[in-house]
Every structure is written in structure tokens, then in C-alpha cells.
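Biologist: I have a model open and would like to learn how to read it. Could you walk me through it?

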Protein chains: 6
Amino acid sequence: MFYHDGKLQYDVKVDKPNPQFAKMLQQAIGGIEGEMKVCMQYMFQAWGARGPEKYRDMLLETGTEEMAHIELLATAVALNLEGAPNDVKDDIAGKDPFMEQIMGGAMPRHLLSSGMSAMAVDSNGVPFNGSWVVGTGNLAADMYANVMAESAGRVLATRLWNSTEDKGMKDMLSFLIARDTMHQNQWLAVLEELGGTEGVHPIPNSFPQEKENQNFNYNFLSTHIKGDSKAHGRWSEGRSVDGKGEFTFEKATPQGRKPDLGGAHPSGFAQKEQMKENDSFIKSAFDKMK
Amino acid sequence: MFYHDGKLQYDVKVDKPNPQFAKMLQQAIGGIEGEMKVCMQYMFQAWGARGPEKYRDMLLETGTEEMAHIELLATAVALNLEGAPNDVKDDIAGKDPFMEQIMGGAMPRHLLSSGMSAMAVDSNGVPFNGSWVVGTGNLAADMYANVMAESAGRVLATRLWNSTEDKGMKDMLSFLIARDTMHQNQWLAVLEELGGTEGVHPIPNSFPQEKENQNFNYNFLSTHIKGDSKAHGRWSEGRSVDGKGEFTFEKATPQGRKPDLGGAHPSGFAQKEQMKENDSFIKSAFDKMK
Amino acid sequence: MFYHDGKLQYDVKVDKPNPQFAKMLQQAIGGIEGEMKVCMQYMFQAWGARGPEKYRDMLLETGTEEMAHIELLATAVALNLEGAPNDVKDDIAGKDPFMEQIMGGAMPRHLLSSGMSAMAVDSNGVPFNGSWVVGTGNLAADMYANVMAESAGRVLATRLWNSTEDKGMKDMLSFLIARDTMHQNQWLAVLEELGGTEGVHPIPNSFPQEKENQNFNYNFLSTHIKGDSKAHGRWSEGRSVDGKGEFTFEKATPQGRKPDLGGAHPSGFAQKEQMKENDSFIKSAFDKMK
Amino acid sequence: MFYHDGKLQYDVKVDKPNPQFAKMLQQAIGGIEGEMKVCMQYMFQAWGARGPEKYRDMLLETGTEEMAHIELLATAVALNLEGAPNDVKDDIAGKDPFMEQIMGGAMPRHLLSSGMSAMAVDSNGVPFNGSWVVGTGNLAADMYANVMAESAGRVLATRLWNSTEDKGMKDMLSFLIARDTMHQNQWLAVLEELGGTEGVHPIPNSFPQEKENQNFNYNFLSTHIKGDSKAHGRWSEGRSVDGKGEFTFEKATPQGRKPDLGGAHPSGFAQKEQMKENDSFIKSAFDKMK
Amino acid sequence: MFYHDGKLQYDVKVDKPNPQFAKMLQQAIGGIEGEMKVCMQYMFQAWGARGPEKYRDMLLETGTEEMAHIELLATAVALNLEGAPNDVKDDIAGKDPFMEQIMGGAMPRHLLSSGMSAMAVDSNGVPFNGSWVVGTGNLAADMYANVMAESAGRVLATRLWNSTEDKGMKDMLSFLIARDTMHQNQWLAVLEELGGTEGVHPIPNSFPQEKENQNFNYNFLSTHIKGDSKAHGRWSEGRSVDGKGEFTFEKATPQGRKPDLGGAHPSGFAQKEQMKENDSFIKSAFDKMK
Amino acid sequence: MFYHDGKLQYDVKVDKPNPQFAKMLQQAIGGIEGEMKVCMQYMFQAWGARGPEKYRDMLLETGTEEMAHIELLATAVALNLEGAPNDVKDDIAGKDPFMEQIMGGAMPRHLLSSGMSAMAVDSNGVPFNGSWVVGTGNLAADMYANVMAESAGRVLATRLWNSTEDKGMKDMLSFLIARDTMHQNQWLAVLEELGGTEGVHPIPNSFPQEKENQNFNYNFLSTHIKGDSKAHGRWSEGRSVDGKGEFTFEKATPQGRKPDLGGAHPSGFAQKEQMKENDSFIKSAFDKMK
């Protein structure tokens, strides 16, 4: 169950409102790298957590924190769109700078749909999508999903930080960047607890590894048709990172034949030319139709 | 540029066609854990690769391999739907078992839309979505996206393996499971080359870390309102995994105030009750409308 | 800022696990009538609230409660999928009833993607979509969005209640149905405070109504080509519900002409036949291309 | 069955074509507040209407009218994009102002995809989505969906009206605003016929209300962790709006326990650490795999 | 402007209601091959039609007819779901066959979301998507889109016809199949009027064809790495179908080099390893950040 | 199985980088007219091909070529975004022109999400959608889908060609335009092989045409309510294009009655007013609930 106190986790000040920056901030709210995604992701992982209790609790702790991050950013969007009134007040020549920004690059729906507040969309107005909420039921896979989310999230936040000269916004973003640093470390710490690279991989570690094809599990298969690929590195020779195999570099070759699906079945209503002539089955199928 | 030879990377045999298993295989084709995603993801990462050439080449190698995996699975779907004709042939009582399966749990669009072949959708028929193709421009973030993709992919493949008794399908899946083992290791190997956990994190390592808020970058913030959270572990004390800080456990507290967005601006056409009365600006804005 | 205590707002018991009912419950989690939608909707409305403070606070209160409802339902889904192990244990003949249900009507992704836990999707597996989160910036419009959400939500919950014989599930749903009753009343209460039907409509009440076309604002326009429409009622005569006009019933007739968009512009690369011949402008445009 | 006469319901004139305004108009065509949505919504509600015949007829009348509104707006978009040719004709310096607008804020797909005509998308280019078409099978819930749609629609239309100085566009919008006034009243009139607030609520009124949890159906539950919430109002004391209960204000408290999902089942292929050691069932499940 | 008469274009009778067939019919309503798509497609093409008036009129005629087809199918869905009550009446053992069908393969949302009526979704419940509405502004391209839509539509309708034994449904579908025959012919007739294959192609015929690369416009490029491709046919030799070139069969070879995007730019916050060391520009960019 | 050589199919040079053109190029990558669509479409058609082997091979040949086209365009996008660094270097006044373009019309996600590289989205940032990948299992229907795709694709490419003055970009586009010419011809050639218009239509030609309603298969049905429709042409008289009927022009009239769905079923929880009073079945259904 959840509670709130109406205050912000961190102060949000906007020195110079900027509808175009409001548009960019939407990426951190409703984008695939954004806070709605991590909030829902950690929540759903917690609600489906099986195994040691502490991971469920930790996921819930941080999922709840991320809800506060959406709140920070939604407030920042609203304040960046607040500038309009003031600009309008100063407007002498009859032009409305807010409207001009909406016309020329800001998000029209910030005026048209939300009346100058944040929305559950990314910086292109593409709606948040529940498919981004990853919870596999496998704790290690989920931890990688989380490290990845916090990495893309921190990359996004630094790009936003570098895109604005507004002190208030830079300050808020430096807080969010710091939290992303912590959260990257946090999910890595779980992986360490779970046994580190060798203990965790290959994920899932509960599948009996002897059942996988032993001829293809540690080979880098090169699909390059000639010899000049530069794709040599740590992955093409030496002990595998999970400690369970030896890397090799091999040319990819077909192990299978050319597939032949045969003629089309009557109930699929392909063109006649796709069916086998003189096939009594097909004839009777068509007879049945008539 | 790309080439093909029309053969399959691995043999695809279906001993007993099963339209319901065809539906489940769609998850591995057009689902978020599927082969279309990894194929496109590695391709786009390669095409946008900046920095050492070998990573571009390697991404291209493996992206090209994944295209062959879609081919394997699409063939498997078509063959699992092939069973219909044979079943129909044996049909005496006039009932068509294929149609019954379509009615009772298989994917109707395998008959209605594709005429018994694979589609670019997941096991619920939800179309493949380009938003799943992650390429951040940051090599380390991308590698985590890739480890995660191969982890979710291997988890999916083991679940499919365990869901069928068909020898041909089990054999094909054991090949794909093996390739996922390799690919997990492959992306981890890049992270090792890039400096391992300490060298890579916090991602992006090119952001001057002193600019992030130093009070919140290694603290586990507990949002639990009372004292009985179990969320203690490797992440709540000791050296941080990136080696750049010390973990602490702290109660989350608001650093900001309650936000006050003030009255609504006339051009947003809120209800009158949301606007500040006696505001001369608002009055003149409405006068202008009339 | 948000907090949690790890407990459920209401007890969740599942007497007889049922993967097919788990699938149906997804509609109440990630569907357009579901809890993710109302949670995010009330949150975003709160975060963008301008005007009297109490509405912001109330929206935040209830948005936070809805997060707990997602938690209830996600737990219910996980428990309905838990049945599998027990069933398997009792399994003698080698058939796995869970797998059979997955094959024949339950949601395959509950096994394949989430490992037997809830997902951010509806009962067809269609992902939650941020476009459903309505916050217009107009308090009255938002209240109607909320009444509507709680009405569709209560209709859904009663249908779910009627679809199960499981006592635990019926009890949990009777709690959620009760909360929907309250929330319908709650948003109606705001509309009453805002002046009731006459004070609130037409929404937005801040638009100077004399600027709308006075000939068409209280007329029911009948598009029926002959005289036998039954579409007469409270809306076709008498005082309008907002008290600002008189209803009439009129035949719809075109007030405008047939549109003529003229010939196509060269830069649109229509077929030549769509362009005006002998047009010197078009000729010069094509000359420029050459 | 449907008919047409090729004329517009209202005249559409564009004095000064404006590709950026064409982009904004798309919100009223393919956006969630737009005419495609209400057209399809009223149609589907009519086609599924059970109960008194007059509601079916009325829904069909107005659904058919809304099709004419899409036509108005689509024509307006095409005419706002028509300006290009004229501008180009006057162009001396070689710069194409249309192209510049497309580059700097107008919708590129108006050139690239539709050749200067309207599309079934919103102002961000996000496609119209059938999930927005609400028809619950419950007449009262549908009426609220309709009031809400016409409220958001009129808010949108007034914002568009205020965003343009073009007389033709303002005139067309003043017609659409007027129709939205009528349609808000129309759906409210149905609710009045159905018994008004007390007769209609809680929706659905066909569910035996004594089956909902009687302890939680008229209580405002405050999730605020301390005492300073401002969320007091009409909803926290006095008779409920539906006349069937008494409002109270209460602190939300957990009625349920902390959920414990237990260990993971082998067929989900979680990490081994998530499973219960020494569980004979799990051991035998893995044995079966080998 | 549009009108209606409330009657159906063709009679809809359902002899034996079948919720699973209702689910399949949804493909013909809200699927990519369905009636909503063609209705909207012909409408949008009409509304954006530039050039000879008759094509605009014809598109409007048929777009309006397609609206009546959605009506037919929506009625058919509702009637196929009507069976439930009757079945329930006959129910003795307490099991509800409708509910069982919903559980085991019919569409749960037909009960949960729409209360036994049609929805704007396909047979998997995936919502209708506005991106499917094709109107390119080029009449010939649009005609191919329309031929294709009616071809996929007729294929779908024949598959549905073959999936049911219900006489009423078969009769309604035989009407829709007939209309698809007409509409395929209708759009082909326009292409014939526009000059047939040689007059129409390559589309757009308004682009000065001498500006396209003359070395690659009539060559079949084989990407097969070895010589055993069977891909020889009408397209690999002889006069091209548009009469403007000669087909050849050639091995595809790279005309370009391997791309080198160089080092990453600081404002993208790639990993340091992706940037060029000793680059003074990068150093100063980072200095500016500090 | 697939291979690559790391080189481009054609040279990609960008003389003057332009982030706004990069945005427009995205339409040709991830848009519905783009290369991802045709690549996947031809691949899936090949993988599901039944009937003569040469069509499968040909589809695979060209699908593989299209992958190289995505590569070309992705490289072009990256190079158009490369300009930023150079511009920044020349920057004196402290303004970053790249950032200004991002702010004022370029795609923010090219900075925020992909770090200056291509994405799997269209020019509005709407993600590529698997529903666009058409493969019906009917070869002729698929060929029309392909002609249509290459027609819309060539229209798009000519519009892009006309939108840029960059020589490198114009050269690359003139190559892609040429390939679209070939591919239009290629799919038309298959249709010719399959028997031309008369042999191919009505699609599917395997459905026994005598089963379609013979009264409505060659009639143009006019839905115009008065006599002044201009919709007369090749389609309204003379031999049908498929040679199997005679075109007529007829007024559309309803063949069916007004539908009456009757009262609502209790388990749908409509409003009471929608149910039939005094219906004993309904009463007992409600009794069962209590």
C-alpha cells in the first residue's frame, strides 16, 4: 500500500520557462528511458517477486522512489510551460511568443491537449507503452533490465543537463543523475550477491545447461562473406566470461537445408497456382465448398 | 550490404504439427524478447557505431546471424501450421481439428491473415514495435541492453523448450538456447574490454561525475514508512560496485516543497474557477477574445 | 513524494488458482478501464493542477490509493498462476494442466514472458497505453473523464465478480467495486462544488459563449434521410440541461459547398493526370528539377 | 446504411494557408479528443445498443454528423497546406517557404506521406487508435464517456480558435464549438432521462449494491502520511451524491498482509536462487527435463 | 455531409450464436484487412483528392458504402454474442457455456469491456490503427493500395466463410465477398483509365525519370551468394512491364565503401572509449561543462 | 541464412549535414512507406511461400537487398547528424546550432535517445509497427501489397529528393528511386506470370466464384442521396476488368431491416433500464447473484 506527503523529493525551480525544453523533458517522463518505465518496472517486478524477500522489498522501495521522480519532472514540465503568461504580459507587438514556440518546435499538445501540463508521452508525443515494463520472473534477467534502464536513463539525463543553461533545471537534473548512479550500482550489487558473472550466467541458471547444443554455445559465428572482418576481441578467444566454456571464432555455415513448405492448403485460399494440381485432397476440399 | 543462400542455419523439423505451439513461437519472433528485436537492435547499433571499428563489425556479424534465427522460427511456425491438412485428411466425422484449435486457443490470424505462416507479431498478436530497438549511442549502455535481450531471450527459449514434447522443436530450441549462451557471453566480453564494472560505471563515464549531486549518488533511499523493511544487502553498505563511492542506507525525505502552479492561464481554457479572480492580465486576455 | 509499507490494502486470497481468470484480471490492471490508467490519470491531473489547492491534494490522495489497487490485482494474478505447481504435483498421466490451460485459452505470455506474474497489459495482451491518461488542464472536463473511468471500472469489476466462483476473488472484487462507488461519487461531488450542471457547462466555461455559432448550439441535427427516426427525447425540446438555451429538433442540411482542392502541386509528386495542364507554374517547377 | 451528398456541413475557408496550423488541426481529426473518435464511438455504441430504441437512433444520428465533422477538418487541413504553391510562386530568392515550415515545425508527413492532405493521426503524427472508441454496453457509462469526449473536444476547439487569426478558420471552429455545446447537453439529457445522478449511480445500477463491501463504499480514504492534506470538500462529509450513503473522511490503512508468493516454479526458469532448496517436487521436475 | 436510414445494407441473421466466431469476425471490422480501414482510407483519399472530380466522388461513394459494411459486421458480432442468454437458459448443471467459451478461446473483452457487442479491434484484440489508412496524394499509388486492401479483404472473407457452417453468416459473407469482387475491379478500372501499366508506371509518373540512376532501374539484383538461385522469371529478362526499360539479371555488388562515422561527439555522452583522445575540441567541450 | 560484407550498396555522402533532413529521412527507414517495412514484408512472404519455388527465392533476394537499403539510410541519418560537431567548432557567440535545430524542428530523440544515429521510427518518431508487414499467404494479394509498397516508397523518395539541395543525398536518393522503379516492375511481372488481370482476379481465384452473391459482384453502388454524383467512369459500364462480369451503376438501397438486439443480458451489467422488465430469466439471474 502507498502513501504520499505532497512535497517534492527535490526542489524544482525554473529560472526561464522554455516550452521547447518542456518537450524534451517529456522523454524522461513517458519515454522508453523515462521514469514511468522504471517506476512500473520495479513495481511489477516486486509484485511478482518469488524467492528471497529482501529483493521484493528493495524493488518496492525504489519503485516508490521513482514515482517521486515522475512528480519532479511533471512539475518541471508545468513550470517550463508557465512562462507563457509572463511572456505574453510583456508582449507589445501582439505576437504571443508561447504560441510561436508551439508553432515552431514545441509540443502542440502541451497547449491543445493538456493545457500546459505534463503528459504520459515521450518527446515526440508517442504514448508511454506498457510493453516496456520488463519483469521476466527471472531475477538476474530483471537486474540486467534494470541496469540497462538506469544506464539509458543516466545517458538521457546528462544529455538533458547539457541541453539547458537554466540553473534550476541543471540542479534538478544533477540530482536525478546522482540517483541513476546509485541505481546502476544497486542492481549491480544484486548481481554480485547472486554470484557475479560466473554464478549468474548463462541466464537462466536453472536450465540444465547440458541440454543446450554443445557445439554452438561458445562460438562466435562470423557471417562476413570474406576474410576482412575486424570482429576479433575478448569474445573470440579465451575462457568465456561465465567460466563455463572456451570462446572460438568460426565461419557461420548453414546446418540446415532449404525449406520446402509444399503446396498451399485449400482453406487458406491462396491463388490456385500455389496449390498442387491433381491432388485429390484439394479437389475434395473444394467439392465440399460447393 | 547483405547476402543469403536460402538455406537454414539449423534444421527445422516438426514431428507433430501444433497450431497452439505455433502461436507460442510467435513470442520468439515478434515479441519484445524475440529475434526481430535483437536483429534490428544489433543492426541499428552497428549502423550508428562510433569509436573502435571492431565493435561495429561484431554487431553487424551478430545482427546478420539473428536474421537467420527469425528465418528458423518463421519456418517452424509454418510447419506447425502445416499439420492442418493432414489432420483434415484423417478427419471422418466432418470436424476440422485445425479449425477447432483456431477456435479454441490457437491464433485466428494464422488462418485469417497469414494463411498459415508466421507474422511479425508476438504470441498475443501484438505487432512488433520499433520502440524496442535500443541503440543509445553509448556502447556500454547498449551492451547492457544486449545482455538483457539475450537473457530474456534465453529465458523465453527455455520456457518454449519445456512446453513441447516435439523432438524437432526441442532440437531447434536447444540450438537457439546455445546461441543465447554465446551472445550473453559476447556482450559481457565487450564490457570486460571496456574496463569492467569499475571502468564502465556510472554510465556514461564521459559525464564529469563531480557535476552530479554528491549527496545522493551512493545512498539507498528507503521509502518505507516504518522500520521493518528487509531491503538490506550488498547495496546498503560497503564500497559501491563501481568503486567510486560508499553505500549508505537512508530514509527518504522530501528535499523540496509542495509545488504551487498558481492560477490557470486564459489561453488554456480551464474552468473559470481555476483562474485568479481580479487578475487584470486575465481580464485583458478575455477582452482581446471578444 | 511517495511511501509504502509493503502490506496490501485488502486481503488477496485465491482458493482455486485459475490461469484463465488471471488472464481476465489483466483487463483490470493494464486495460483502458483498469487501475494503471486511473492511477496515472489522477497523478498527472494532480501534478498539473492549477486553481484551488484542495483538488490537487484530493487527486493525489486517490491516485496514491489506486497504486495500491494495481498491487492487489497484480498479487491476484500471481496467485491465480500459482496453481500450476500444485496441479503438476497431482499430475499422474504426464499431462500438465497449467500448460494445457496456457495452450487452450489462458495467456501464453504469463508463462513465456513474465514467468507467472502480472504484466502491464490488458486481457488480450495489448500493452497499457499512455494515451489513455487524460488530463486536459480543465478541471470539469477531467472530472467527467474520472466519473467515466470509475463507471467503466465498476462495470468491469462487476463482470469479473460474476465470472468467478472463487470466494477470495469475489471478496477482493467486492472491495474494489465499493471503492469505485465512492470514486464515482467523489468526482461527481467536485462537479457539484463547481456549480453543478448549469455552472459547469458548456465546458470550458471560460470561453466567451457568445463567440460560438448561435444558430447551432442547441439544435439536435437529424441526419436521418427519411422521417422515421425515433431519436426524440429530452434533448430535442425544452430547456437545455445547462440552462443556457432551448433544444430544437432540425434536419441536418449542408451549409457549405462541395469542396474543390484544384490541381496537385508538383512537389507532391502526384500522377501527372492530377495536375493542371498548361499551367506555367507547374512547368517551371519541373524545369527547376531538371 | 449510409448516404452522402458531397457537400460540406459548414463552409471551410482558409484566408492565409498555414502548414503549422494544419498540423495543429490534426489533433481534432485523429487525436484522442478528435472527431474520428467520437464518430466511431457513437457508431459502435449504436450498433451494440440494447434497450430503448430511441437511444440507438440518436447515437446513429450524431455519429453520422461527426463523420461530416471529420470531412470539414480534413478539408481545412488540405486548404492550409495549399498555401505552398502560392508562396512558391512569389518566391524570388529561391527559398521555398513551405519547405521551410515543414523543416521547422510543421508536420513532415503532410508532405512526405500524404502529399498535402489530412491523415488519420494526431498533431504529433501518432496514429488514431481504436482503443479510444469506448462502448461499454452500459448506457450510462457510455453517456459519461460521451460527455467527457465532447468536453475535451470543446476545450480543444477553443484552444485552436484562440491559436489562429484566420477568419475562415475561426468561423469554422465557432461552428464546431457550438456543436460541442449541443452534444454535451445531449448526453447530459440522456442521463437526466435515465433518472439523474441518483437514478443512474453507482453505475452499473443493475449490480446488487448489497454485494459490494459496505465498509468502503462511501469513505474518502486519505493516503496522506501526515495531517496537513487539504483534501476536504463536498466528498468528505454529507450525503453522497448518489443519495445512497454518507461520506466520511478516513485514514487509509492496510487491511491485508504482506504478500508472500513463495519459491519459483521450475517451469518458469527463474534463477536457482529463487527456488526452494531441498524441495523434492523441484528436484523431480528437473529430473524430468534431463 | 452524411446521412443514414438505420437499416442494414444486407440482412444479418445468426442461426447459432458463437462467441468464438464473433472473435474471428472482429478481424473484418478492426483488422488491417477490415472495413474500418477501407472506409477511412477511401474517405481520406476523397477528402484530399486533387485532380479530376469524378475520382473524388467515386471514393466518397464507396467509402460511404464501407461504413455500412462495418455496421453489418458489428451487428453480426452482437448477434453471435447474443447466444449466451439462450444457452444459459438451457443450462442445467450450473455451468455457463458462454463463460466457458470466454474462458477457453473467445475474446474476454467481448464480455469484460463491451458487454457483448463489437469493438474497434482485430481478432486478437489489437486496436484499429490509423497508420493503416493510406492516402498518398498520388492517385495511382492509392489505387494499388485499394486493390491490395480489397484483395486481402476478400481473402479474409473467404476464410471466414469457410470457417462457419452458419447459414446466415455464410449468406452475409457471400454478399461481402461479392462487394470485394466489385471493388477490386473498380480500382483496377481507374488504373486502366489512367493509362494502364505503361501509362501509370513508374509511380509517380510526374517525376522526371531521367533523374533516377539509369544503371539500376531495370536490373534484378541477386543477393544470392552462390549460383543456385531459382529467382529467374518474367522479371529477369525481356521488356519491362512499364515498357520503359529492359530487364536484366545481375549479381548485387557493393558500390559504396565501408562507412566510418568517426569518434563520438561529447554532447552525445557516449563512453569515453568511443571518443578520439587528444582531440582539443572534445577537451574544450568538457571544460565548458565544468 | 544471411551474410554481409560491411560495405554499402551505394555511396553515402553528405555535403552539408542537416539534422532536420535527418528527421525527414527517418520516414524512409521506419515509416509505413519505408525500407524496414519492405525488408520484413518480402522476408516474411518468402518464409511463408507455398507454391512455385522461384517466387520464394525471388522474395528472399529482394528482401535481402532491402536490408542494405536500411543500412544506406541509417548511415545517411548518422552523417546528417554529424554536422553538429563542426558547427559547434565554428560557434563563436556560444550558441550551438545543432541544439537550436533540435529545439526548433529536428527530432529531439536523435540527441536524447540515440546519440546522433538512426532509429527504428518514422519522421514523427512513431515506432515501426509489425502490423505493416503484409503477407497474406495469397501470392497475388501479396504482389499488390508489394507494388503498392514500392509505389508509396518511390513517391516518398521523390519527395525527399526534391526537399534537399545536398548533392550526396540527391545521388543516394536517385539510386533508391531507380530501385523502386525496378521493384514496381518486378512485382507486376509476377502478376503477369500469374495470368494478368483476368487470370488473377478476383483474388483469391481459388474461391468458387459461384458462391459469392451474384447480384452484387459487378455493380457500382452509389450512396449519393441525389442525382448529381460525378462518379461515372470505366467502372460503371462495360466489361469488368477481370473479364468475368458486366459493370452496372445502381443506387444503393438497404436489403436488410433495422436491427433489434433486444434487451441486455444480466451478466453484462448494463443499466437496469436496458433490460426487459418482467423477464423471469433476468430475475432468476439476479437471484442467483444474491
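Biologist: By what turn and what shift along the axis can chain C be laid on chain D?

Modeller: First, the ground rules. This is a predicted model, where local features need pLDDT of at least 70 and side-chain atom pairs count only at pLDDT 80 or more, while totals for chains, interfaces and linings use all residues. Residues are numbered from 1 along each chain as its sequence is written, and chains are lettered from A and ligands numbered from 1 in the order in which they are written.

Modeller: Now the idea: two copies of a chain are related by a rotation about an axis and a shift along it. Here a turn of 180° with a shift of 0.0 Å along the axis lays chain C on chain D, at an RMSD of 0.0 Å. The two copies are thus related as by a two-fold rotation axis. The fit is by least squares on the C-alpha atoms of residues with pLDDT of at least 70 in both copies.

Biologist: And what rotation superposes chain A on chain F?

Modeller: That one takes 120°, again with 0.0 Å of shift along its axis and an RMSD of 0.0 Å. It is the relation of a three-fold axis. A:G105 is the residue of chain A that comes closest to the rotation axis, with its C-alpha at 2.8 Å.

Biologist: How many residues does each of chains C and D put into their contact?

Modeller: Count two residues as in contact if their C-beta atoms, placed from the backbone, lie within 7 Å. Chain C then brings 96 residues and chain D brings 96 residues. On the chain C side, α7(C) gives the most, with 15 residues. By class, that side has 43 nonpolar, 32 polar and 21 charged residues. Nonpolar covers Ala, Val, Leu, Ile, Met, Phe, Trp, Tyr, Cys and Pro, charged covers Asp, Glu, Lys and Arg, and the others, Gly among them, are polar.

Biologist: Do copies meet through the same surface or through different surfaces? Take chains C and D, then chains A and F.

Modeller: For C and D, 100% of the interface residues of chain C are also interface residues in chain D, so they meet through the same surface. For A and F, only 11% of the interface residues of chain A are also interface residues in chain F, so those copies meet through different surfaces.

Biologist: How far apart are the C-alpha centres of domain 1 and domain 2 of chain A?

Modeller: They lie 38 Å apart. Domain 1 of chain A is 19–198 and domain 2 is 214–255, with bounds from an automatic or database domain assignment.

Technical notes. Helix = DSSP H or I, 4+ residues; strand = E, 2+ residues; numbered from the N terminus.
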